[in-house]
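Good morning, colleagues. Please have the sequence and the model open while I speak, as I shall go through the structure region by region.

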Amino acid sequence: MTKLQELKRHLRSGKVYRREDLAQWSSSVDRHLQQLLAEGYLTKLSTGMYHRPKETAFGKAPAEDNALVEAFLKDDRYLVTSPNAYNSLGVGATQLYNKTVVYNHKRHGNFTLGGREFEFRKKPAFPKTLTKEFLLVDLVNNLDHLAEDREQVLARVKERALEGNRSALNRAAKAYGMVRTRKFFNGLAADTHAG
């Protein structure tokens, strides 16, 4: 078995690899990378990142967002979302955005991975998974950056907040909200106690 064949045995389809991952199985990693790229066994996603595409009935499948992000960050603590997720809240957010946002602890900025744009935002805290409460808080955090009717959306957020799990929403606002966002949700709690 050649060294190249031996390296191929380690590469799983659908997985994203960094150059240093491949170096553990190859003493001539750069030469082997060139050969694997030339034969289409691997595709280059960005500097030092490679993908072993899965073959499907429609051709080679692109790398999944989570695989790209995890390899890029070298970390599994992140949350992938999009402003489009706000549309599911029923608060009048209707715009479609061509943006994938990654909350994480390491990187900040816009990066192209596998031909797709990701906006990395370094945050001290975010949940492991998207919840309705987190999305409401995140929407109010980011309202100034959205092409939505601000007053109309805030009025609908208020309605949704009063209908939903208030203690979970208060926890989310305290954990993930900016000062202005926390004030907004605290104001809702005060309004309901007064009424």
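Directly after helix 4 comes Lys74, with a positive phi near 55°. Helices here are DSSP runs of H or I of at least four residues, strands are runs of E of at least two, and both are numbered from the N terminus. Lys74 has this positive phi although it is not a glycine. Its place is in the loop that leads from helix 4 to strand 6. Is Lys74 buried or exposed? Lys74 counts as exposed, because its relative accessibility is 53%. The limits are under 20% relative accessible area for buried, over 50% for exposed, and partly exposed in between, with a 1.4 Å probe and protein chains only. Within helix 4 itself, by contrast, Leu68, Val69, Ala71, Phe72 and Leu73 are buried.

A word on the basis of these statements. The model is predicted, so local features need pLDDT of at least 70 and side-chain atom pairs count only at pLDDT 80 or more, while totals for chains, interfaces and linings use all residues. Residues are numbered from 1 along each chain as its sequence is written, and side-chain values use heavy atoms, with hydrogens and water left out.

Helix 4 also takes part in the largest pocket. The volume of this pocket is about 200 Å³. On a 1 Å grid over the protein atoms alone, a pocket is an open set of points with protein on both sides within 12 Å along at least five of seven lines, whereas a cavity is a set where a 1.4 Å probe fits but cannot get out; lining residues have an atom within 4 Å of a point. Grid points are joined across faces, edges and corners, and a volume is the space filled by probe spheres set on the points. The lining of the largest pocket includes Tyr17, Arg18, Trp25, Asn66 and Glu70. Strand 1 and helix 4 (65-73) are the elements that give two or more residues to this lining. Helix 4 contributes the largest share, four residues. By class, five lining residues are nonpolar, two polar and four charged. Here Ala, Val, Leu, Ile, Met, Phe, Trp, Tyr, Cys and Pro count as nonpolar, Asp, Glu, Lys and Arg as charged, and the others, Gly among them, as polar.

Strand 1 brings us to the first sheet on my list. Three strands form this open sheet in the order 1-3-2, with antiparallel pairing; two strands pair if DSSP finds at least two bridges between them. At the edges lie strand 1 (16-18) and strand 2 (43-46), each pairing on one side only. Strand 3 (residues 49-51) is joined to strand 1 by three antiparallel bridges, with Tyr50 of strand 3 as the bridge partner of Tyr17. Three bridges also connect strand 2 with strand 3 in the antiparallel sense, and Thr43 has His51 as its partner. In the hairpin of strand 2 and strand 3, two residues lie between the strands, and Gly48 takes a positive phi near 75°.

The other sheet to consider has four strands. It is open, with the order 6-7-9-8 and mixed pairing. Its edge strands are strand 6 (78-81) and strand 8 (109-113). Strand 7 and strand 9 (residues 116-122) run parallel and share five bridges; Asn104 is partnered there by Lys122 of strand 9.

Strand 7 (100-104) also appears in the lining of the largest cavity, where strand 7 and helix 5 each supply at least two residues. How many cavities of 30 Å³ or more does the structure hold? There are three cavities of that volume, and the largest has a volume of about 80 Å³. Among the residues lining the largest cavity are Tyr86, Lys99, Tyr103, Arg121, Asp138 and His145. Its lining divides into five nonpolar, four polar and three charged residues.

Finally, the largest nonpolar core. Such a core is a set of buried Ala, Val, Leu, Ile, Met, Phe, Trp, Tyr and Cys residues joined through side-chain atoms within 4.5 Å. This one has 22 residues, and those touching the most other members are Tyr86, Leu89, Val91, Leu136, Leu139, Val157 and Phe185. Helix 5 (132-142), helix 6 (150-163), helix 7 (166-176) and helix 8 (179-194) each supply at least two residues of the core. Helix 5 gives the most, with five residues.
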